[in-house]
Amino acid sequence: MSSTPSRGMWSSRAGFILAAAGSAVGLGNIWGFPTQVGQGGGATFVVVYLACVFLICAPLMVGEIALGRRTRLSPVGAFAALAPGRRWWLVGALGVAAGVGILSFYSVIAGWAVAYIWFAATGAVSGGPDEIGRFFSEFTGNGVVSLALVVLVIGTTAAVLLGGVRTGIERVTKALMPFLILLLLALALRAVTLPGAGAGLAYYVSPDLSRLADVGVFTSALGQAFFSLSLGMGCILTYGSYLGREDSIAGSALWIVALDTSIALLAGFIIFPVGFSIAGFDPTASGPGLIFTVLPRLFAEMPGGHLFGGAFFLLLSVAAITSTISLLEVPVSHCVDALGWSRTKAVAAVAGAVFVLAVPSALGNGAVAVFTNVPGFGMGFLDLMVAAWNEFALPVGGCLTAIFVGRVWGVDRALEELRAEGAWFPAPAFWTLLIRWACPAAIALVLVAWLAATF
Ligand code: PHE
């Protein structure tokens with residue numbers, strides 16, 4: 001269970017925080033969060049989301065990091081090492097599958113973001129809301145282009161991963177995260193001063209409590225929280241396995257949660273004011289195209305809009321790539337650790353599998369009818385993937401991880417790891433209560449309600 005030099009380590013705690021934040025901050029914050037807020041009815045969703053983040057996900061993140069650091073293994077090995085001879089390794093296996101599944105639709109959206117760097121910078125996407133909407137449907141309806149973009153995204157991710165742990169991920173994130181935050185702040189400032197922005201702000205910050213009766217709000221908020229924080233699939237566990245023993249886990253987790261949540265909230269302060277400044281805007285109707293059809297309006301209204309638009313999609317693409325790297329890392333490190341494959345072979349095989357699964361998501365936005373509207377589901381294949389992995393697989397993985405940490409590995413042993421070398425760890429009793437009772441119970445409740453509502 002000790003670390004071997006070939007596994008690689010972060011150069012410092014800041015390196016770990018940046019890499020984990022790089023994993024967490026991505027399409028989930030800037031594309032997923034506003035899309036889910038729009039479909040979940042605005043500010044009510046935001047309130048439920050924040051409760052999920054702080055009461056369920058933050059304590060779980062601490063547990064995942066501890067599991068990784070204790071075992072120095074990827075998810076399947078970590079669960080197997082702490083509960084030998086039992087089936088808990090299946091939780092890790094679910095995470096490995098989730099890595100492939102999430103990456104398959106993620107790479108489609110990331111491909112759109114990459115293409116929009118060009119479209120925004122050159123002014124190819126411009127004009128009124130109708131033209132911008134039509135441009136988006138024609139673009140995403142082109143199967144060949146969509147597939148080519150998926151290849152580009154997966155290929156780039158695979159190339160970075162072959163470069164090793166520290167060099168690739170840490171450096172890119174360190175350099176670009178501050179720019180992303182500054183740009184989002186500037187765009188939010190512009191957005192809230194648009195004519196008509198007030199209605200968007202009201203929608204975003206004043207909750208309509210009657211919406212709490214809708215269980216869909218809870219399932220999508222919980223799923224979104226897991227997705228955005230890269231939790232429930234062993235990704236943070238894997239990153240934790242490269243963390244030094246002298247670094248505080250609780251402090252690192254708080255930083256990651258705070259960064260990730262602020263960036264998501266900030267994205268909402270851009271999208272909704274801009275959206276509501278467009279006549280006839282319906283936040284529930286846009287689906288996965290929301291940011292691609294709303295933001296070009298903002299860039300059209302701004303002096304230097306091409307520059308801002310190009311920079312925005314560039315930074316979004318980079319943020320997406322630091323997340324795809326972490327998604328691919330989970331199945332790849334599993335193949336290396338458990339099957340003894342070389343890193344190159346593992347990257348090639350997993351990337352191939354991801355591509356195959358990505359095909360229906362890439363062709364499901366107008367190019368091929370059965371994937372665009374999957375019979376019996378009333379939604380596209382991509383939306384189906386989002387629901388299956390984010391709203392189901394990640395919470396299931398998270399629930400089982402909480403039970404594992406709280407009851408199988410045991411809070412005492414977990415606390416020993418969390419407080420190793422005198423590390424700062426606030427309110428251990430409260431954390432124990434959350435990880436043993438609140439997390440598993442709340443997740444199970446939401447999942448049962450989800451199943452009851454779906455079937
Ligand atoms: N958290 C990433 C995002 O918000 C997506 C992700 C999910 C990455 C799960 C890794 C694991 O974009």
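An oxygen atom of the ligand lies 2.9 Å from a polar backbone atom of Gly28. The model is predicted. Two further contacts of this kind involve the backbone of Ala24 and of Ser228. The table sets them out.

| Ligand atom | Partner | Distance |
|---|---|---|
| oxygen | Ala24, polar backbone atom | 2.8 Å |
| oxygen | Gly28, polar backbone atom | 2.9 Å |
| nitrogen | Ser228, polar backbone atom | 3.0 Å |

Taken alone, the ligand exposes 320 Å². The protein buries 100% of that area. The ligand sits in the largest cavity.

Which elements give two or more residues to the shell around the ligand? They are helix H1 (13–24), helix H2 (27–40), helix H10 (215–228) and helix H14 (305–339). The surroundings of the ligand comprise 15 residues. Of these, Ala24, Gly28, Tyr106, Phe227 and Ser230 come nearest. Ala24 and Gly28 also supply backbone atoms to the polar contacts, at 2.8 Å and 2.9 Å respectively.

**Cysteines**

How many disulfides does the structure hold? The count is 0. A disulfide needs two cysteine sulfur atoms within 2.5 Å. For Cys52, the closest cysteine sulfur belongs to Cys57. The two sulfurs are 6.5 Å apart, so they are too far for a bond. Cys52 is buried, with a relative accessible area of 8%.

Cys399 is also without a partner, because the closest cysteine sulfur, in Cys439, is 8.8 Å from its own and too far for a bond. Cys399 is buried, at a relative accessible area of 10%.

Definitions and conventions: Residues are numbered from 1 along each chain as its sequence is written. This is a predicted model: local features need pLDDT of at least 70, side-chain atom pairs count only at pLDDT 80 or more; totals for chains, interfaces and linings use all residues. Side-chain values use heavy atoms; hydrogens and water are left out. Buried means under 20% relative accessible area, exposed over 50%, partly exposed in between (1.4 Å probe, protein chains only). A residue is near a molecule or strand if one of its heavy atoms lies within 4 Å of it. A polar contact is a pair of N or O atoms within 3.5 Å; within protein, one must be able to donate a hydrogen and the other to accept it, and residues adjacent in sequence count only if both atoms are side-chain atoms. Accessible areas come from the Shrake-Rupley method with a 1.4 Å probe; for residues, only the protein chains shown count as cover. On a 1 Å grid over the protein atoms alone, a cavity is a set of points where a 1.4 Å probe fits but cannot get out, and a pocket is an open set with protein on both sides within 12 Å along at least five of seven lines; lining residues have an atom within 4 Å of a point. A molecule sits in a cavity or pocket if more than half of its atoms lie within 2 Å of its grid points. Helices (H or I, at least four residues) and strands (E, at least two) are DSSP runs, numbered from the N terminus.
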